[in-house]
Amino acid sequence: MPKIGNIELPKFPLLLAPMEDVSDPPFRRLCKIHGADLMYSEFISSEGLIRDAIKSRKKLDIFDYERPVGIQIFGGDEEAMALSAKIVETVQPDLVDINFGCPVKKVVCKGAGAGVLKDIDLMVRLTKAVIESTHLPVTVKTRLGWDNDSINIQEVAERLQETGIKALSIHGRTRAQMYKGEADWTEIAKVKANPNIEIPIFGNGDIDSPEKALEYKKKYGVDGIMIGRAAIGNPWIFNQIKHFLKTGEHLPDPTLAERAEAAKNHLTWACEWKGERTGILETRMHYTNYFKGVSHFKPYRQKLVTSDNLSELIDILDDVSQFENLEI
């Protein structure tokens, strides 16, 4: 059984990846209900936390039903990372995760996220600063390297383990790839096969079906899988994978009523957490994903993304679940 500090995980855990503007409490709640074993907050700027930025502080919200749950931070300054780790500790997550993988330009330009892949010594110093500032287990999520000519994940894994991290999640792409092309799990497998590596190694990238999860589990030998984009609008993927790994059989796809119920819960919880206006606006981007592949859905989608009334939106979703001409 993989362990992160004192956190005991199932034999082959499925992790929800931290995703900006996605992995908030309402979305995490849905994923937890549908089988996610470990989840992370959206990534939080260390500088933002220190400045007491409202958006950064709001991302610290966690709830007991989510546990185990980690809060992910990023930054390129040791002092700021150390202080932000202390701030994170006050809300009592189960662990602190460091983002050394975000490829977005505005993060990389600040020498944070995947930008740190160019400087392993800095990566080590930043990690040590966080570890020395908290009693919580510290984990890291990163990529293979900056580009194909500088893949350095083998050295990174060993050096970060030496600093004292308790687990490492690896996205099988370089920063140069962003989210394009195919993730290369062979490098992740090499880290896992390294006899010097004792911490859990979780693989991330391109897992979008139970079949692929089983294939990658067998082929690459990782301790667990982290799922990101494939869970957007599809929180059922966690239990689907678990069932397939256990039985070799598929769970039925979610019905139209189940999709509508998930979207309705997402909307309701978002309004409770963010306030009605913001909750309505920020949930709009999810409807297309919840109802992907549903025929004749366009008129309903138009109503869902234009209405500003919560009761009306709930009524629309109730209608969707009962409309006979809609097919999956």
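The legends below describe several close-up views of a predicted model.

**View 1. Strand E6 and the residues on its two faces.** Strand E6 spans residues 69-74, and because six of its six residues are buried, the strand is largely enclosed by the rest of the structure. The covering applies to both faces, with Val-69, Ile-71 and Ile-73 buried on one side, and Gly-70, Gln-72 and Phe-74 buried on the other. Just ahead of the strand, in the loop between helix H3 (54-58) and E6, lies Pro-68, which is joined to Arg-67 by a cis peptide bond with omega of about 0°.

**View 2. The strands that pair with E6.** Strand E4 (residues 38-40) pairs with E6 in the parallel sense over two bridges, and here Tyr-40 has Gly-70 of E6 as its bridge partner. Strand E5 (residues 44-45) also runs parallel to E6 and is joined to it by two bridges, with Ile-44 standing opposite Ile-73. Strand E7 (residues 95-100) pairs with E6 in the parallel sense as well, over four bridges, and in this pairing Ile-71 stands opposite Val-96 of E7. Between E6 and E7 the chain passes through helix H4 (residues 78-89), and the resulting β-α-β crossover is right-handed.

**View 3. Strand E11 with E3 and E10.** Strand E11 is covered on both of its faces, since Gly-224 and Met-226 on one side and Ile-225 and Ile-227 on the other are all buried. Strand E3 (residues 14-16) runs parallel to E11 and is joined to it by three bridges, and the bridge partner of Leu-15 in E11 is Met-226. Strand E10 also pairs with E11 in the parallel sense over three bridges, where Gly-203 stands opposite Ile-225. The path from E10 to E11 leads through helix H9, and this β-α-β crossover is right-handed.

**View 4. The largest pocket and its lining.** The largest pocket holds about 590 Å³ of space. It is lined by 29 residues, of which Pro-18, Met-19, His-171, Tyr-179 and Arg-229 are the closest to its centre. Two or more lining residues are given by each of helix H5 (105-108), strand E8 (138-143) and strand E11 (224-227), and the largest share, three residues, comes from E8. By residue type, the lining divides into 13 nonpolar, eight polar and eight charged residues.

**View 5. His-171 and its surroundings.** His-171, which is among the residues closest to the centre of the largest pocket, has its place in strand E9 (residues 168-171). The relative accessibility of His-171 is 5%, and because this is under 20%, the residue counts as buried. When neighbours within four places in sequence are left aside, His-171 is in contact with Lys-141, Thr-142, Arg-143, Leu-144, Tyr-179, Asn-204 and Gly-205. Tyr-179, one of these contacts, is likewise listed among the residues closest to the centre of the pocket.

**View 6. Thr-174 in the loop after E9.** Thr-174 lies in the loop between E9 and helix H8 (186-193), and with a relative accessible area of 1% this threonine is buried. Apart from neighbours within four places in sequence, the residues in contact with Thr-174 are Arg-143, Leu-144, Gly-145, Trp-146, Asp-147, Asn-148 and Ile-151. Arg-143 and Leu-144 appear here, and they are also among the contacts of His-171.

**View 7. Two loop residues with positive phi.** Asp-206 lies in the loop between strand E10 (201-204) and helix H9 (210-220), and its phi is near 75°, a positive value in a residue other than glycine. With a relative accessible area of 21%, Asp-206 is partly exposed. His-296, in the loop between helix H13 (287-290) and helix H14 (298-304), has a positive phi of about 60° although it is not a glycine. At 58% relative accessibility, His-296 counts as exposed.

**View 8. Ala-193 in helix H8.** Ala-193 has its place in helix H8, where a relative accessible area of 60% makes it an exposed residue. Between Ala-193 and Lys-32 there are 30 Å in space, taken from C-alpha to C-alpha, and the two residues are 161 residues apart in sequence.

Conventions: Residues numbered from 1 in each chain as written. Predicted model: local features only at pLDDT ≥ 70, side-chain atom pairs only at ≥ 80, totals over all residues. Heavy atoms only, no water. Buried < 20%, exposed > 50% of the residue type's maximum accessible area, 1.4 Å probe, protein only. Contact = heavy atoms within 4.5 Å. Pairing = 2+ DSSP bridges. Right-handed = clockwise from strand over helix to strand, strands pointing away. 1 Å grid on protein atoms, 1.4 Å probe; cavity = no way out; pocket = protein on both sides within 12 Å on 5 of 7 lines; lining within 4 Å. Points joined across faces, edges and corners; volume = space filled by probe spheres on them. Nonpolar A, V, L, I, M, F, W, Y, C, P; charged D, E, K, R; others polar.
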